[in-house]
Amino acid sequence: MLEAALRRILSIDGGGIKGVFPISFLAVLEQATSARIADHFDLIVGTSTGGIIALALGLGYSAAEVLTFYEQLGPQVFAGSRLVRAVRWVGLSRYDSGPLRQALQSKFGERRLGESGTRLVIPATNLETGEVHVYKTPHHPRFDRDYLEKAVDVALATAAAPTYFPTHRTAASVPLIDGGVWAINPVGVAAVEAVGVLDWPRESIKILSLGCTSEPMDFGLARKVGLGLGPWAVNGVQVFLAAQSSGALGTAYVLAGHDNVVRVNPTVPRGRFGMDKLSEIPSLQGLGESEARKALPRLREMFFYGPKEPFEPFHRL
């Protein structure tokens with residue numbers, strides 16, 4: 001009876017094509033448990049590439065299917081010569097969002113957020129106001145609008161990474177960009193949603209938080225002589241994102257309890273992977289498989305012991 005009362009949450013970071021790591025990780029767990037990932041989780045939260053994965057899982061796709069989609073998605077979306085990308089980057093985003101939209105359309109079609117079979121939370125950012133913009137399934141009576149949004153539009157909004165893709169505009173012309181601006185690691189968002197919105201008891205929550213790999217900080221001599229414009233221009237974003245992720249993880253630990261949060265985010269050599277580094281897709285997949293096999297015994301006991309309770313939305317299409 002105790003197990004039936006538990007609430008299991010999956011949180012997936014942003015990271016571009018590095019999303020191959022968490023979806024490969026999930027594909028191994030799925031194969032080992034003989035059930036779709038979404039069948040085990042009461043809430044899935046994802047930012048940027050993690051948001052695309054969360055949407056696909058919620059709409060009923062297996063992790064293996066999403067992994068295949070990513071293997072096909074990368075060459076379509078992150079195409080073009082380095083010279084063309086460099087020229088575009090000066091005054092435009094590095095990549096056109098057209099191929100990404102086309103790839104998402106081929107997968108999701110006209111399906112809407114409200115068709116998800118599990119609760120979803122997908123962060124984005126309003127570029128006009130600087131406010132957070134969070135897409136949510138109708139898992140609370142107040143959430144009576146987002147479920148009508150097309151999955152393609154939700155995905156384009158959360159994945160509109162500054163400098164990589166252009167701003168996504170909604171049907172009402174609201175300019176939205178990547179949720180990673182404020183929630184690159186959405187595990188804090190997940191914990192707040194569970195405790196503050198869904199009112200799930202703290203002791204009932206189990207959270208699996210998947211990153212897209214991390215790199216060690218390296219400011220070199222700049223640490224000793226001071227940090228001017230040069231070091232910050234090169235390393236500033238990495239610092240901001242790492243600190244943001246650390247704060248989010250701390251929030252989850254406080255709200256859910258340290259023992260109830262499992263974080264999987266292997267540290268790799270600096271420059272090993274990149275948001276658009278297609279050549280490393282096989283290595284990311286291999287790393288995901290390797291990490292999953294190591295984590296499986298513990299995760300099976302915490303998250304994969306049986307199906308979740310059915311999700312009953314407050315509003316339906």
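Let's start with a definition: helices (H or I, at least four residues) and strands (E, at least two) are DSSP runs, numbered from the N terminus. With that in hand, take helix 2, residues 20–33: Phe-21 and Phe-25 both sit in it, 4 residues apart, which is about one turn of the helix.

Before I go on, a word on what we're looking at. This is a predicted model, where local features need pLDDT of at least 70 and side-chain atom pairs count only at pLDDT 80 or more, while totals for chains, interfaces and linings use all residues. Residues are numbered from 1 along each chain as its sequence is written, and side-chain values use heavy atoms, with hydrogens and water left out.

Okay, the overall picture. The protein has 12 helices and 8 strands. Of its 317 residues, 53% are buried; buried means under 20% relative accessible area, exposed over 50%, and partly exposed in between, with a 1.4 Å probe and protein chains only. Now contacts, meaning heavy atoms within 4.5 Å. Among contacts with a separation of 6 or more, 77% are between residues 24 or more positions apart.

Back to our two rings. Aromatic pairs are rings of Phe, Tyr and Trp (its six-membered ring) with centres within 6.5 Å; planes under 30 degrees apart count as stacked, over 60 as edge-to-face, and the rest as tilted. The whole structure has 8 such pairs. Phe-21 and Phe-25 make a tilted one, 6.3 Å centre to centre with 50° between the planes. How accessible is Phe-21? Its relative accessible area is 0%, so Phe-21 is buried. Phe-25 also counts as buried, because its relative accessibility is 0%.

Here's another tilted pair: Tyr-95 and Phe-165, with 6.0 Å between centres and 40° between planes. This pair links distant parts of the chain, 70 residues apart: Tyr-95 is in the loop between helix 5 (82–91) and helix 6 (98–108), and Phe-165 is in the loop between helix 7 (151–158) and strand 5 (168–169). Both Tyr-95 and Phe-165 are buried. Ring pairs also join Phe-41, Phe-303 and Phe-304 into a cluster.

Next, the cores. A nonpolar core is a set of buried Ala, Val, Leu, Ile, Met, Phe, Trp, Tyr and Cys residues joined through side-chain atoms within 4.5 Å. Which residues have the most contacts inside the largest one? They are Leu-10, Phe-25, Leu-26 and Phe-108, in a core of 67 residues. Apart from that core lies another, of 19 residues, including Ala-194, Ile-207, Leu-249 and Val-261. As for Phe-108, beyond its neighbours within four places in sequence, its contacts are Ile-52, Leu-55, Ala-56, Leu-59, Tyr-61, Ala-151, Val-152 and Ala-155.

Some of those partners are in helix 3, so let's go there. Why is helix 3 (residues 49–58) described as largely enclosed by the rest of the structure? Because 10 of its 10 residues are buried. Right after helix 3 comes Gly-60, with a positive phi near 105°.

Tyr-70, in helix 4, touches helix 3 residues too. Leaving out residues up to four places away in sequence, Tyr-70 touches Gly-16, Ile-17, Gly-19, Val-20, Thr-49, Ile-52 and Ile-53. With a relative accessible area of 1%, Tyr-70 is buried.

Over in strand 7 (residues 205–210) we find Leu-208. Its C-alpha atom is 7.9 Å from that of Arg-8, though the two are 200 residues apart along the chain. Leu-208 has 0% relative accessibility, so it counts as buried.

Last topic: empty space. Rolling a probe the size of a water molecule over the atoms shows where empty space is left. On a 1 Å grid over the protein atoms alone, a cavity is a set of points where a 1.4 Å probe fits but cannot get out, and a pocket is an open set with protein on both sides within 12 Å along at least five of seven lines; lining residues have an atom within 4 Å of a point. There is 1 cavity of 30 Å³ or more, and the largest cavity holds about 130 Å³ of space, where volume is the space filled by probe spheres set on the points, which are joined across faces, edges and corners. It has 14 lining residues, with Gly-16, Thr-49, Ile-52, Phe-78 and Phe-165 nearest its centre. Helix 4 gives the most to this lining, 3 residues.
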